[in-house]
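Trainee: I would like a close look at a single part of this model, taken slowly and with each term explained along the way. Could you choose one helix and walk me through it?

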Amino acid sequence: MTKTSPSTTASDHPDNVSPKLHQHAAVTQEYGTIVKLPNGLSESVCTQSVALLNQTLADTMTLRDLYKKHHWQVVGPTFDQLHLLFDKHYEAQAGLVDLIAERIQVLGGVTIAMAADVAETTRIPRPPCGREPATVQMSRLAEAHEMIIIAARKSAEIVADTGDSGTNDLLVSDVLRTNELQAWFLTEHLVAPTPVSA
Ligand SMILES: [Fe+2]
């Protein structure tokens, strides 16, 4: 049986159904610039808030990834508990990343997004690629939390003074309170064990 050849070939398809790949163009908004949106805030206020939020975002993305690293690499008798705790905190940090990033866009800014840019921007020290003991992991995470907590408190005061209440609320209600809570959960693991008798 002979196979009938199709009546059209791929090259005959009209342009409007063929994907146009390998496209390039100049960026439509440079990083660090603001597009004025109808939010009742001046461009200078938005510029300052976005700069503070992008720093918070870079630090939060780094802490989020530090949690996943430790979730995978944790070792020891508390493996199960810490493996789950680290992932729970990772999920909450990932939620914060999205809230912060979308706040930046709401203000007319451009979010920092890619790992190389985040690595150049974050203030959280780079950990070794290798595995570390669980107590060192937790100590490293606690220090990262404290950096974010101090910066979030300071940034919240700055944006409150300029009238950017939405960013103030995000920094206090979400960033600050989540990090304070997670720092508490971690540091309770770093207290010396209680003897079984007094
Ligand atoms: Fe997992």
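Mentor: What follows is a look at helix α4 and what lies around it. This is a predicted model, in which local features need pLDDT of at least 70 and side-chain atom pairs count only at pLDDT 80 or more, while totals for chains, interfaces and linings use all residues. Residues are numbered from 1 along each chain as its sequence is written.

Helices here are DSSP runs of H or I with at least four residues, numbered from the N terminus, and α4 covers residues 134-161. The expected span of a helix is 1.5 Å times one less than its number of residues, so the 28 residues of α4 should span 40 Å, and this agrees with its end C-alpha atoms, which are 41 Å apart.

A residue is called buried if 20 or more other C-beta atoms, placed from the backbone, lie within 10 Å of its own. Among the buried residues of α4 are Leu 141, Ala 144, His 145, Ile 148 and Ala 152. An α-helix has 3.6 residues a turn, so residues three or four places apart point the same way. The cover over the buried residues of α4 includes α1, α2 (79-106) and α5 (165-187).

From helix α5, we can take Asn 179 as an example; Asn 179 counts as buried because it has 26 C-beta neighbours inside 10 Å. Leaving aside residues up to four places away in sequence, Asn 179 touches His 145, Ile 148, Ile 149 and Ala 152, where contact means that the C-beta atoms of two residues, placed from the backbone, lie within 7 Å. Finally, α4 is followed by Gly 163, whose phi is positive, near 90°.

How values were computed
Helices (H or I, at least four residues) and strands (E, at least two) are DSSP runs, numbered from the N terminus. A residue is buried if 20 or more other C-beta atoms lie within 10 Å of its own, exposed if 12 or fewer, and partly exposed in between; C-beta atoms are placed from the backbone.
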